[in-house]
Amino acid sequence: MIAVVGATGNTGRAVVKELRHLGHEPLCIVRNAEKAREVLGTSAKTAVAELTDCAGLDEALQGIESVFVVTGHNPQMAEQQNNVLDAALKAGVKHLVRVSGGRAVVRPDSGSVVGRGHHAIEERLRQSGIGWIILRPGLFMQNAFTQTASIKNDGKIVLPFANNLPVALTDVRDTGAVGARILVDPAAHVGKTYEFTGALTTYGEFAEVFSQVLGRKITYVAATIAQAEQAMKARGMPDWLVTHLVAMARVAAEGGFSNENIGPIRTIVGRDPITTRQFVEDFKSLFV
Ligand SMILES: NC(=O)c1ccc[n+]([C@@H]2O[C@H](COP(=O)([O-])OP(=O)(O)OC[C@H]3O[C@@H](n4cnc5c(N)ncnc54)[C@H](OP(=O)(O)O)[C@@H]3O)[C@@H](O)[C@H]2O)c1
């Protein structure tokens with residue numbers, strides 16, 4: 001039996017969908033049963049446990065052979081994911097597949113608590129004895145959802161990345177497709193770290209794709225890092241998140257998200273990665 005922790009999130013729901021497509025109905029470990037029914041359907045198998053609920057995680061992972069783990073950004077992520085690992089080890093889970101950050105982000109000296117958190121989690125995971133597999137997707141296309149109001153109301157995408165900076169954007173549905181295939185046949189992947197992305201593009205080109213698909217001009221506005229920081233603080237974002245997003249903008253400016261790596265999606269899923277055009281067409285209704 002396969003379990004998915006974080007099944008109600010962007011990546012988790014894609015993993016569940018792909019597993020179903022491959023003929024597997026996983027156990028979805030969620031914190032909110034109502035959201036799970038809404039996002040995953042009423043027939044989804046669920047166990048309710050907060051990531052801080054060690055007893056709940058212990059119980060949920062009984063009888064599980066492989067677990068997929070993706071959790072949100074937050075300063076407690078290392079403790080939360082270590083709770084999942086502890087529960088998995090106690091329950092005798094054989095394989096743990098986790099979504100991490102990119103190589104330029106996951107570092108002990110990262111300027112972001114998220115980068116440091118991923119690094120700490122991976123250090124422990126590698127020593128744990130469980131059969132681990134680490135996924136390093138590129139910057140998510142789905143980050144564009146944060147621009148929905150700006151696209152709808154002002155016809156603009158405003159981000160702290162240069163217009164022509166090469167970025168290898170990745171659709172989380174590709175992470176779902178990779179993850180699900182590993183989960184159904186994990187043995188060949190144990191101990192591997194897969195870096196993968198969609199095709200190289202720029203945010204200027206991404207805005208142009210929005211213009212073409214939506215049929216109206218969407219302008220890309222490259223904010224400076226200082227402008228973005230000020231705007232995020234003015235919106236009342238927590239300090240750790242502002243610091244994280246500023247650190248990511250710096251990593252991007254240094255080319256940290258500029259390496260295209262479409263090989264693993266082709267090899268593991270057997271098709272090309274989802275394009276930015278496909279992404280905008282599929283989610284068009286959100287942006288009109
Ligand atoms: N954004 C990027 O460009 C990017 C690129 C590479 C890697 N990543 C990594 O990808 C991960 C985020 O993936 P995502 O966007 O798919 O995440 P997401 O949509 O935020 O989903 C997070 C999931 O974790 C669950 N969760 C969070 N806190 C929980 C708690 N305390 N107890 C139980 N469940 C909890 C959420 O439940 P609810 O649905 O109930 O909230 C949700 O199911 C991060 O680790 C990030 O570093 C991101």
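Two helices count as roughly parallel when the angle between their directions is under 35 degrees. In this predicted model, the axes of helix α4 (residues 77–91) and helix α5 (residues 113–127) cross at roughly 25 degrees and come within 8 Å, and α4 and α5 are therefore roughly parallel to each other. Seen as a crossing, α4 passes α5 in a right-handed sense. On the side of α4 the contact is made by M77, A78, Q81, N82 and L85, while α5 brings V114, G117, A120, I121, R124 and L125 to it. Sorted by class, the residues of this contact between α4 and α5 divide into 7 nonpolar, 3 polar and 1 charged.

A second pair of helices can be read in the same manner, with the cut-off at the other end of the scale, where angles over 145 degrees count as roughly antiparallel. Helix α9 (residues 225–234) packs with helix α10 (residues 239–253) at an angle of about 160 degrees, their axes lying 10 Å apart, and α9 and α10 are therefore roughly antiparallel to each other. The crossing of α9 past α10 is right-handed, and the residues that make the contact are I225, A228, E229, M232 and K233 of α9 together with V242, L245, V246, A249 and R250 of α10. This contact of α9 with α10 has 7 nonpolar and 3 charged residues, and no polar ones.

From the helices we turn to the sheet. Strands of a sheet pair through backbone hydrogen bonds, either parallel or antiparallel. Here 7 strands form an open sheet with parallel pairing, and their order is β3-β2-β1-β4-β5-β6-β9. The edges are taken by β3 (45–48) and β9 (192–196), each of which has a single partner strand, so one side of each is left without a neighbour in the sheet. On average, and with direction ignored, neighbouring strands of this sheet are turned by 20 degrees against each other. Within the sheet, strand β5 (residues 95–99) and strand β6 (residues 131–137) run parallel and are joined by 5 bridges, and L96 stands opposite W132 in β6. Helix α7 (residues 172–184) packs on the sheet, where it touches β1 (2–5), β4 (66–69), β5, β6 and β9, and the direction of α7 makes about 165 degrees with that of β6.

The ligand remains to be placed. Of the 26 residues around the ligand, those that come nearest are G6, T8, G9, T11 and G72. Helix α1 (residues 10–21) gives the most to this shell, with 3 residues, and by class the shell divides into 9 nonpolar, 14 polar and 3 charged residues.

How values were computed
Residues are numbered from 1 along each chain as its sequence is written. This is a predicted model: local features need pLDDT of at least 70, side-chain atom pairs count only at pLDDT 80 or more; totals for chains, interfaces and linings use all residues. Axes are lines fitted to C-alpha atoms, for helices over the stretch in contact, and angles run from 0 to 180 degrees between N-to-C directions. Helices (H or I, at least four residues) and strands (E, at least two) are DSSP runs, numbered from the N terminus. Angles under 35 degrees count as roughly parallel, over 145 as roughly antiparallel, 65 to 115 as roughly perpendicular and the rest as oblique. A crossing is left-handed if the near helix is turned anticlockwise from the far one by less than a right angle, and right-handed if clockwise. Two residues are in contact if their C-beta atoms, placed from the backbone, lie within 7 Å. Ala, Val, Leu, Ile, Met, Phe, Trp, Tyr, Cys and Pro count as nonpolar, Asp, Glu, Lys and Arg as charged, and the others, Gly among them, as polar. A residue is near a molecule or strand if its C-beta atom, placed from the backbone, lies within 6 Å of it. Two strands pair if DSSP finds at least two bridges between them.
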